[in-house]
Number of protein chains: 4
Amino acid sequence: MPKVGMQPIRRSQLIQATLEAVDQVGLSDASIAYIARVAGVSNGIISHYFQDKNGLLEATMRHLMAALSGAVRQRRSTLHDDTPREHLRAIVAGNFDDSQVSGPAMKTWLAFWAASMHQPSLRRLQRINDHRLYSNLCCELRRAMPVDQARSAARGLAALIDGLWLRGALSGDAFNIEQALHIAYEYLDQQLAKAEDSNVGANSFAKGSAAAPFNTPGQTSDLLSD
Amino acid sequence: MPKVGMQPIRRSQLIQATLEAVDQVGLSDASIAYIARVAGVSNGIISHYFQDKNGLLEATMRHLMAALSGAVRQRRSTLHDDTPREHLRAIVAGNFDDSQVSGPAMKTWLAFWAASMHQPSLRRLQRINDHRLYSNLCCELRRAMPVDQARSAARGLAALIDGLWLRGALSGDAFNIEQALHIAYEYLDQQLAKAEDSNVGANSFAKGSAAAPFNTPGQTSDLLSD
Amino acid sequence: MPKVGMQPIRRSQLIQATLEAVDQVGLSDASIAYIARVAGVSNGIISHYFQDKNGLLEATMRHLMAALSGAVRQRRSTLHDDTPREHLRAIVAGNFDDSQVSGPAMKTWLAFWAASMHQPSLRRLQRINDHRLYSNLCCELRRAMPVDQARSAARGLAALIDGLWLRGALSGDAFNIEQALHIAYEYLDQQLAKAEDSNVGANSFAKGSAAAPFNTPGQTSDLLSD
Amino acid sequence: MPKVGMQPIRRSQLIQATLEAVDQVGLSDASIAYIARVAGVSNGIISHYFQDKNGLLEATMRHLMAALSGAVRQRRSTLHDDTPREHLRAIVAGNFDDSQVSGPAMKTWLAFWAASMHQPSLRRLQRINDHRLYSNLCCELRRAMPVDQARSAARGLAALIDGLWLRGALSGDAFNIEQALHIAYEYLDQQLAKAEDSNVGANSFAKGSAAAPFNTPGQTSDLLSD
DNA sequence: GATGAATGAGTGTTCATTCAT
DNA sequence: CATGAATGAACACTCATTCAT
């Protein structure tokens, strides 16, 4: 059985098993023995590839974060145009990527958040993640509005994303991505529209965000209503 | 030492100790022994007043829920007027009541949410709580907009509330109530404004979200009351 | 089963079980489970009365040290006369007390000594013990000889006691107390005789110990310098 | 990398690593992984050169014993004269050879002694070692005194050597070889002197050990300096 | 010859729970 | 009422050993 060069394979295998285990029984009952059983390996192997259980959990969280980053990055790399709106929609959509709203992912994220409040290593990761979303949003929003307004909008949009995600996770049902996107996109457009309004008269929408049509309630509604 | 009629005192004492313990070391490390130590009582007494540890946790969650309900109810009972906006603002504000955004409360809520994903008794409570917020919001929103729109707005507002709360909890810093209220109130007003626009039929004067009027309490109330 | 006031009983019971366990299988195989089985109690009880295994081992070592102290003290309190020789013989004999040369005691002492080289808590106790023997010997020897000579004799006598004890322990056979005492007493008498010889000319051998002349630096230095 | 004829090199390398490991963390924490890390080799190689961990420990103990034998043998092969006293002094000095009183050696010896009480393979070695010292001493002492007296003196001298060694090991400080030699030599001379005294009148000191002069301080000093 | 992947039994310890006092 | 003694299963983790490469 033992082979060389198994490290990346085993690590991935164990991270997947961790997600499954947390999905099935929750983080507190996802013992090393349980995870090893799910992965179909022995208990001891976890210490072999990760220093300890915490190392495995940290790696699992990093995995989720990497998936999130990848989902966002991919969407941002294939935009129709370079407007802030498109970028922001990509960021929003990336946060509702399948990799993030699957049962295992949602339960694990939630468990990690709770655990991060008292576990320095997870806390560090969580803060990085939190800040990355806010930072990404803020950066794009600033292209369409003053900095203070951008900050506020970023806070609101980040909260809305996390809140939709959280309530989706807690609902127990499958995550309704379309619904979440609709609500978040609407919020985004409202923020952009508000910025646009403030700009009227000094037609500085050149650099702008938000093309006119988006602000037409009728169309928007039609397009997004589900 | 033993006295009669200690039950409510002891129960409250143990619930407070649970909140403190979760705040200090997290739910997973808040053992019965730890909680008992914090409460200054013996280990065995917890089984005496609550069936088991789960009973204590459930009671603690009920305590938080009751505090939330009370915070909302109190605000709704002292409104300046009976407009949906005022009610909704009261609901929002109630969710950011001191009892809900204190360190112990936030950590315990978060831990309970995570635990509720795999613990039926907590799950039941959490669903009641989730639904209550949505339901309260939806009920008032329906007074200002069509039911579909109200549902969507309720979902968005509930998500925003939870998201603001969540990000506040995870930030590690003291919760910035004002900032959260500002963002949530703005969202609320935007939703009400949108409804208003749709309602005007012909003269939907602004294209938009049109800030000014809404911020004038008097006018806003007049406009939105139905 | 559970009763109040069991602490001293259980502690003693567990210390005895530790001695038996170490006697039977050695310190490294004397697991908590084994000790608990020997004591006829559950595994968990050890953590209840001692913080952890180390606490139990430390308590066991303290027990042996207390037995040693007691054995010496008892002999010194019932001496025929107050001469240094009698005191020193009592100290020597106390070190070969039944409580110290029984199989369990010898094996446990030896195991503790080895463990003390890398375990601070045990090391502290061992150093206290080592120093106590040397100090006791030195104190009495000084009544019969100059300080430098007394120190050297104390080192020799302490080493001889420990060596006799060690070789007895390692022999595997029952400890031959008489033989050990004979050898140690002989060494003691030789040291005292040597001191006496040096004293000749200033007939102060009356009470046997005789102080003053020995403290003459010149002589002492010459004789003992090494 | 793999070469032929590596066996003696690897074995020596691993034995040295074992001594280092025991010196650093103690026998109980000197796991195969730790020893392998110290030696800079893989875990599995230990089983390759020694049957198992016990094989490695046994080999390490044999190494120490061989070093001790060598230290004694070397000294006995370069004596000024063939008197028992010189031989005995050589034996004593060999026991305090640098190879025996270094930190790693002392800690490993002590650990092996403790372990030998419950491990047949180590026990066998330890008994051989113990007996060798006694036997060597006794053999030479018999040249200077009657057999009973020689046995007793051998027991005493062996105990004194081991005791000095033990207390040196436990002290934590560097071993004071000079001091130990002084005490042991003195004991030896006392024993030889005693034998000589018993012999007076039947001037059989011819084969002897040289009696009277030893109690003459001046001469003693000369004789003991080395 | 040498590696390191893999095992699974065993470790000390923690814990919720029970119950005699 | 309240205590804390007692249990024993479960936990994360370590370890000597095996063996395919």
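Contact means heavy atoms within 4.5 Å. The model is predicted: local features need pLDDT of at least 70, side-chain atom pairs count only at pLDDT 80 or more, and totals for chains, interfaces and linings use all residues. Side-chain values use heavy atoms, without hydrogens and water.

**Exercise 1. Determine how chain C and chain D are related, and through which surface they meet.**

Step 1. Two copies of a chain are related by a rotation about an axis and a shift along it.
Step 2. Superpose by least squares on the C-alpha atoms of residues with pLDDT of at least 70 in both copies. Chain C can be laid on chain D with an RMSD of 0.1 Å, using a turn of 180° and a shift of 0.1 Å along the axis.
Step 3. The two copies are thus related as by a two-fold rotation axis.
Step 4. Locate the axis. Of the residues of chain C, Gly163(C) comes closest to it, at 1.8 Å (C-alpha).
Step 5. Compare the interface residues. 95% of those in chain C are also interface residues in chain D, so the copies meet through the same surface.

**Exercise 2. Describe the packing of H7(C) against H7(D).**

Step 1. Identify the helices (DSSP runs of H or I, at least four residues, numbered from the N terminus). H7 covers residues 103-116 in chain C and residues 103-116 in chain D.
Step 2. Fit axes to C-alpha atoms over the stretch in contact; angles run from 0 to 180 degrees between N-to-C directions. The two axes come within 9 Å and cross at roughly 150°.
Step 3. That makes H7(C) roughly antiparallel to H7(D) (angle over 145 degrees).
Step 4. List the contact. H7(C) contributes Leu110(C), Ala111(C), Trp113(C) and Ala114(C), and H7(D) contributes Leu110(D), Ala111(D), Trp113(D) and Ala114(D).
Step 5. Classify these residues. The contact holds 8 nonpolar, no polar and no charged residues. Nonpolar covers Ala, Val, Leu, Ile, Met, Phe, Trp, Tyr, Cys and Pro; charged covers Asp, Glu, Lys and Arg; the others, Gly among them, are polar.

**Exercise 3. Place Gln179(A) and Asp173(A), and find their partners in chain B.**

Step 1. Gln179(A) lies in helix H10 (residues 177-199) of chain A.
Step 2. The side chain of Gln179(A) makes a polar contact with the side chain of Arg155(B), at 3.3 Å. Such a contact is a pair of N or O atoms within 3.5 Å, where within protein one must be able to donate a hydrogen and the other to accept it; residues adjacent in sequence count only if both atoms are side-chain atoms.
Step 3. Asp173(A) sits in the loop between helix H9 (147-171) and H10 of chain A.
Step 4. Leave aside its neighbours within four places in sequence: Asp173(A) is then in contact with Gly168(A) and Arg127(B).

Key
Residues are numbered from 1 along each chain as its sequence is written. Chains are lettered from A and ligands numbered from 1 in the order in which they are written. Helices (H or I, at least four residues) and strands (E, at least two) are DSSP runs, numbered from the N terminus. Angles under 35 degrees count as roughly parallel, over 145 as roughly antiparallel, 65 to 115 as roughly perpendicular and the rest as oblique.
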